[in-house]
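Biologist: I am new to this structure. Please take a close look at its salt bridges, and set them in the context of the whole chain.

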Amino acid sequence: MFERFTPEAREVVVEAQRVASDEASANVDPLHLLTSLARNTKVLTALGCPGDELADDLRRVRRRGGMSDADVEALSGFGIDVEHIVERVEQTHGPGALTGGQRSKRGHRPFTPEAKKVLAQTLREAVDVGSKRIEGEHLLLALTSLPGAAADVLAQRGIDSLAVRRLMERREAS
């Protein structure tokens, strides 16, 4: 499947591994893929979402162990202060304690089952639109179509699968 990726899309996947390494995460997850996509493509900017702002959102979500702003808001309705809990956990266990585990050695970081689903969905999205190559737009489409923190972060910025499909149609028409 990887041979169908454009060089830009391949770089997104490789960069996601670097992002996971930089964060000392044991695995590559969908948030790493989205962080890399924000750094390496113009597709999010075309949808009105500057990559640096999205990267800030993703750092905040990762620090909270993958909880989106919507999750935090829902829990606050029950009187649970997630930010306070995160601060207390970090006081006890160190900064980034909820970011997905620590990995002391360099080396291969496997993709989580969720990240593998995103990559498989990326191929399906490309096939569904009749594309022979897998591009960043297909990866973004997969991230918006599968439930999880990445889709939640994108939805809060007004990016869903319909918005991505419309962008792809506009690009194809021009």
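Modeller: Start with how the chain folds back on itself. Take the contacts between residues at least 6 apart in sequence: 64% of them join residues at least 24 apart. Contact here means heavy atoms within 4.5 Å. This is a predicted model, in which local features need pLDDT of at least 70 and side-chain atom pairs count only at pLDDT 80 or more, while totals for chains, interfaces and linings use all residues. Residues are numbered from 1 along each chain as its sequence is written, and side-chain values use heavy atoms, with hydrogens and water left out.

Now the overall frame. The chain has 10 helices and 0 strands. Helices (H or I, at least four residues) and strands (E, at least two) are DSSP runs, numbered from the N terminus. The radius of gyration is 17 Å, close to the 16 Å that the globule rule gives for 174 residues, so the chain is as compact as a globular protein of that length. That radius is taken over C-alpha atoms, and the rule is 2.2 Å times the number of residues to the power 0.38. The C-alpha trace spans about 55 × 40 × 25 Å along its principal axes. Of the 174 residues, 43% count as buried. Buried means under 20% relative accessible area, exposed over 50%, and partly exposed in between (1.4 Å probe, protein chains only).

Next, the inside. The largest nonpolar core has 39 residues. Such a core is a set of buried Ala, Val, Leu, Ile, Met, Phe, Trp, Tyr and Cys residues joined through side-chain atoms within 4.5 Å. L34, L37, L44, L54, L140, L143 and L154 touch the most other members. Among the elements giving two or more residues to this core are α2 (30–40), α4 (51–63) and α8 (136–145). Look at L37. Beyond its neighbours within four places in sequence, L37 is in contact with V12, L44, G136, L139, L140 and L143. G136 comes up again with K42, which sits in the loop between α2 and α3. The C-alpha atoms of K42 and G136 are 8.9 Å apart, though their positions lie 94 residues apart along the chain. K42 counts as exposed because its relative accessibility is 65%.

Now your salt bridges. Side chains of opposite charge can pair when their charged atoms come close. The rule used here asks for a side-chain nitrogen of Lys or Arg within 4 Å of a carboxyl oxygen of Asp or Glu. By this rule the count comes to 16. One network links E53, D57, R60, R63, R64, D69, E83, E90 and R157.

Follow R60 into that network. R60 pairs with D57, the closest N and O atoms being 3.1 Å apart. Both lie in helix α4, and they are separated by about one helical turn because they are 3 residues apart. R60 is partly exposed, at 33% relative accessibility. D57 counts as buried, at 13%. R60 also forms a salt bridge with D69, with the closest N and O atoms 3.2 Å apart. D69 is partly exposed, with a relative accessible area of 26%. R64 bridges to D69 as well, and here the closest N and O atoms are 2.7 Å apart. R64 is buried, because its relative accessible area is 5%.

Just before D69 in the numbering comes S68, in the loop between α4 and α5 (69–76). S68 is buried, with a relative accessible area of 0%. Apart from neighbours within four places in sequence, S68 is in contact with V61, D152 and Q156.

One more acidic residue is worth a look. E15 lies in helix α1. E15 is buried, with a relative accessible area of 12%. Not counting residues up to four places away in sequence, E15 touches S36, R39 and N40. The C-alpha atoms of E15 and S36 are separated by 5.6 Å, while the two residues are 21 apart along the chain.

Finish on the outside. The accessible surface comes to about 9400 Å², and 52% of it belongs to carbon and sulfur atoms. Accessible areas come from the Shrake-Rupley method with a 1.4 Å probe; for residues, only the protein chains shown count as cover. F78, I80 and I85 form a nonpolar surface patch with about 320 Å² of accessible area together. Patches take residues with over 30% relative accessible area and no salt bridge: like charges are joined within 9 Å, nonpolar side chains (Val, Leu, Ile, Met, Phe, Trp, Tyr) within 5 Å. I85 is in helix α6 (residues 82–93). At 44% relative accessibility, I85 is partly exposed.
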